[in-house]
Every structure is written in structure tokens, then in C-alpha cells.
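Please look through the structure below with two topics in mind: how its chains meet, and what lies in the interior.

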Amino acid sequence: MTPRTKGIRTSKLVNEIQPSGIRKFFDLASSMDNIISLGVGEPDFITPWSVREACISSLERGYTAYTANAGMLELRVEISNYLKKQFQLPYDPKNEIIVTVGASEALDIALRAIVDPGDEVIVVEPTFVSYAPLVTLAGGKPVSVGTSVEANFRLMPEQLRAAITPMTKAIMVSFPNNPTGSTMNYDELEAIAKIVEEYDLLVISDEIYAEMTYDGNHASIANIPGMRERTIIISGFSKAFAMTGWRLGFVIAPSDITSAMLKIHQYTMMCASTMAQHAAIEALQNGMDDVGKMVQSYKQRRNYFVKSFDEIGLPCHVPGGAFYAFPSIKNTGLTSDQFAEQLLLTERVAVVPGHVFGSGGEGHIRCSYATSLDNLKEAVTRIDRFINTLK
Amino acid sequence: MDSKEKEILQLIEENSRIAVDTLAKMVDLSEEETVTIIKKLEEQKVILGYSAVIDWTKVTETETVTAMIDVKVTPKRGVGFDDVAERIYRFPEVRALYLMSGAYDLSVVIEGKTMNEIARFVSQKLSTIDSVLSTTTHFQLKKYKHDGVVFSDGEEDQRIVITP
């Protein structure tokens, strides 16, 4: 037996991962006043009132006890109906859906349920900052595949094929994507699915932004024949229903995988919060009109923001979903870190440097348009002034 | 009416002061196309006017009193309620007028400087109209929400500056 290294108190796995690159900008921005923040990765709407009211009512009626580990069956039935209606995804509420503490937990238990030590998981980047560290924490090895603006940040089949090794277990994709806003349509996903099947891989598909698909309908890779059996879909209430602070997500997968995930969930989280689950039932039953209004507002702001970026000389591909613009800052000659820091210090606009989202992100900044139109206008004015000082 | 026209109407209803160039970008049209649509909607009387929602209680010296009056009337042959409704809505004091189902026929919203002014309007102008059978006046005590706008300072953005 190898003796443990004395003096080192934290685990090797944790020591392997780095703190999020966003942290540095959070610390810097938090110390300043009068900032226009485009760095916020959550809706600027408050949870619809009827949903908040359902939570209050849940407490009033005394629902303060645990629920079933997988979540209230009533909620899982609602989730199942919702998935069928919105995305043509049929899943059995009894054994193919688990309600989780946010989509973050869903990602964690999905990875821990499928990854063995040494397994490789392909992470399609730029993407949400948690994926690669979560693979590491699950004992796996994240393998980064970078997408580019030239390909509209879509995963190209040949890129996937080149990254696969005998150790590859799964790929992690997220469309609509944070931070690029990029989406992939059915045909494009079909080409990916063929390779996934050929190499007998699993897919973790984070579809938390599915409702925020602006041009055409959202396509899930699980819709493709043969893929349902090898796909784990991550979703939740945070983005569509403006419920980030509620920490309520869900994961859907074939029952052999959900039963594995449920073991981890029951020993770590036990169950998601009861009052939040009651609120989520109300959200699914009566909240879709609110979702529609919020999505329309995001789309209008996207249109405004992207056109404005193009006008001031920061080329920006049109994001098909989510609420982020990911303009290129390459023609300024600055790195994304330099750009974000100087912009914050001189014009007090907070954006997130693209490199923190992984390969393919450098040369871009993530700007959330989940903020008021007035803020967007002022931000564009200030960014324009900033880039003019660089000329 | 196409979806772009509806979208423009919704945005103007929310903020009638929105600049045309901003509006055009938001609905993904050119400025010229947007101006043409607005002009057409004005000509078609779909857009009837541009107004502001003001909380007058925050403006001292300009406090007003608002009352809602339930009016029972006798409809006239041939013109139904329209004739008496027109006689009522022509008064400048009348801010809104609706034909209602239920216990009374017309709902009249009146605004005046004082309660006396409203009382005078009801007794001297409204009640004296031939078709009017009875009136019940309710004074508005406080405005919480009007035309979809909540009369408070609103909920603050609680989000932290940068999130993942």
C-alpha cells in the first residue's frame, strides 16, 4: 500500500482541478461600483408570480418533509408530459426521470454513474465551465474538442472522430450553447449520432437552454433513432422559468442509467427541496405563457445586441439560442483576458473572457443579454468608446 | 396582421418612447420598414395614441381623485347603449367607459381634482341624462397597478455581477 503524502489534506482529484476562470472577474467586478454587467448567466426576470405563490402555498400547507428520492411522482409526470409535448421526447416518469438539485447535480451524477477511472469523456468546447472539472471529479479524463466561429461553434463529425480513442466513454454536448448561443439542427446531430453509435459511446446532452431556441425548433440528439438508448439529457427549471436560485433540475435517461444515478443522488442529496418541487409543478402546468413572453423578449434583445455589435466593429455570429452573444475581439489585438479586464477598468462593463469556456473560446467575449434594453444600449456605447481608444 | 406588426405593437405598448432604430433592430427589420409599419398602424387607428403612465401621487400639488361609477341605463331602440355611451364619453372628465354585463350597464371612470368636483359631475351631468336610471360611485383609495404597470419602486435586480 502506498502511504499517503503527509501534510496534504485535500484529495488528488480536487487538487487536479483549477478554480473557475470566471472567479477572477467576479472578484474584480465585485469590488467596483456602477458596473453594467453582461457577465450574468441567468435570466433577468424574476420567477413568475404564480410559481412563487405555489411555493408559499406549499409551505403554508406544511409540505416540509422529504419527497421520493427521484422527486414527487406528480412532478415527474408533469416533466414527462412537458418533454413529450415540447420536444417529442417520450420518457417514463416512473423510472426514467430524476428530479435533481439543479442541472449541475444532474451533470455530476450522470458523469459519476457512467465514468470509470481512466475513461475519457469528450467535452465539446467552448462550453459551460463545469463540464471538464466534473469529468475529472468523476475520475475520468476530459478530452477537449474545440469548435470555431467559422463552423458557427458546431461540432463537426470529423472532429469527433479524430478525438475518439479506445478509452472514450462518452461525449458532452450542449445546444443551445453557453457561451456561444450556438445550436445544432437535426441533420447536423444525425451525423454526430452515427459516429456515437459506431463507437458505442454515450452522450450527455445538456439542453437547459432548449426553450430559448429562437430560429426554428430545438433538436435533441435523443430524437434521432437509436440515440434514446445512449443519451442522458440534462435540463431544469433555472433558465426557462427564471428559477436559478431554486436549484431544481432534472435528468432523463434509459432506466439502467437512471437507476445508477439514483444511487448517487439518494446517498448525497436524498431529494430536491419539496417546496421547490411544488413550485415546479405549477411552472409546468401554468407557466408556459410566461416562458413564451420571456423568450420573445430575449429574442428581441438578441436581435438588437448582435446587430449593434456588428455596427461597432465586433463581428458576432448570430446565436440561435440561450441568452449570450459571443462576439469576436480578435481585431482589437487584445487577448480576451486583456479585453475584459481593460473594458471593466476603463468603462465599467463586465464581460467574461472567452478562454475560460475552453478551447475555441479565446478571441471572444461572452456578453449576456439577459439585462434591460437600457443596459444593453449603454453597454454598446461604452464598448464602442473602449474599442475606439484602441485604434 | 403579421407577426412583425404584432411584435412592434407589443413593444410600443410597453414603451412608446422606444427609438425607431432600436425597435427596428429588435424586430429584425430596417428602420424604413419599421417606420412604414408604424405609420400604417396609426392610419388604421390600431395605434390610437401614445401615453405615459404617471404616478401623480409622487407629484405634489397635482393630486387627483379617481372614481369608478356603476351606471344603470335604459337602452334606446335602434342604438342600444351606444347613444347614451357617446353622450357620457364626450365629457372630458371621463377617462374610460365600458359596457358591462351583470348588475349594471356602464362602468365610467372619472378623474377630478377633488371629491366635490366628481360629486358635481355625477349629480349635475351624469344623473341628469334621460336614459340614466341610477349611479353608484366608488372612490379609488390607492393605485397599486394600472394598465399592467405596478405602482411601486419594483423589485431590484438581486443577481450578483458575474455568474457562471
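Between chain B and chain A an area of about 2100 Å² is buried, and carbon and sulfur atoms give 57% of it; buried area is the accessible area (1.4 Å probe) that two parts lose on being put together, summed over both. Of the area that chain B buries against chain A, 37% is supplied by B:Lys25, B:Arg159 and B:Ile162, more than by any other three residues. This is a predicted model, in which local features need pLDDT of at least 70 and side-chain atom pairs count only at pLDDT 80 or more, while totals for chains, interfaces and linings use all residues. Residues are numbered from 1 along each chain as its sequence is written, chains are lettered from A and ligands numbered from 1 in the order in which they are written, and side-chain values use heavy atoms, with hydrogens and water left out.

Across the interface of chain B and chain A the rule finds two salt bridges, a salt bridge being a side-chain nitrogen of Lys or Arg within 4 Å of a carboxyl oxygen of Asp or Glu. The side chains of A:Lys307 and B:Asp28 form a salt bridge, with 2.5 Å from N to O.

Turning to the interior, the largest nonpolar core has 124 residues, of which A:Leu38, A:Ile232, A:Phe237 and A:Phe339 touch the most other members. Such a core is a set of buried (under 20% relative accessible area, 1.4 Å probe, protein chains only) Ala, Val, Leu, Ile, Met, Phe, Trp, Tyr and Cys residues joined through side-chain atoms within 4.5 Å. A second, separate core of 23 residues includes A:Leu155, A:Ile164, A:Met184 and A:Leu201.

Technical notes. Buried means under 20% relative accessible area, exposed over 50%, partly exposed in between (1.4 Å probe, protein chains only).
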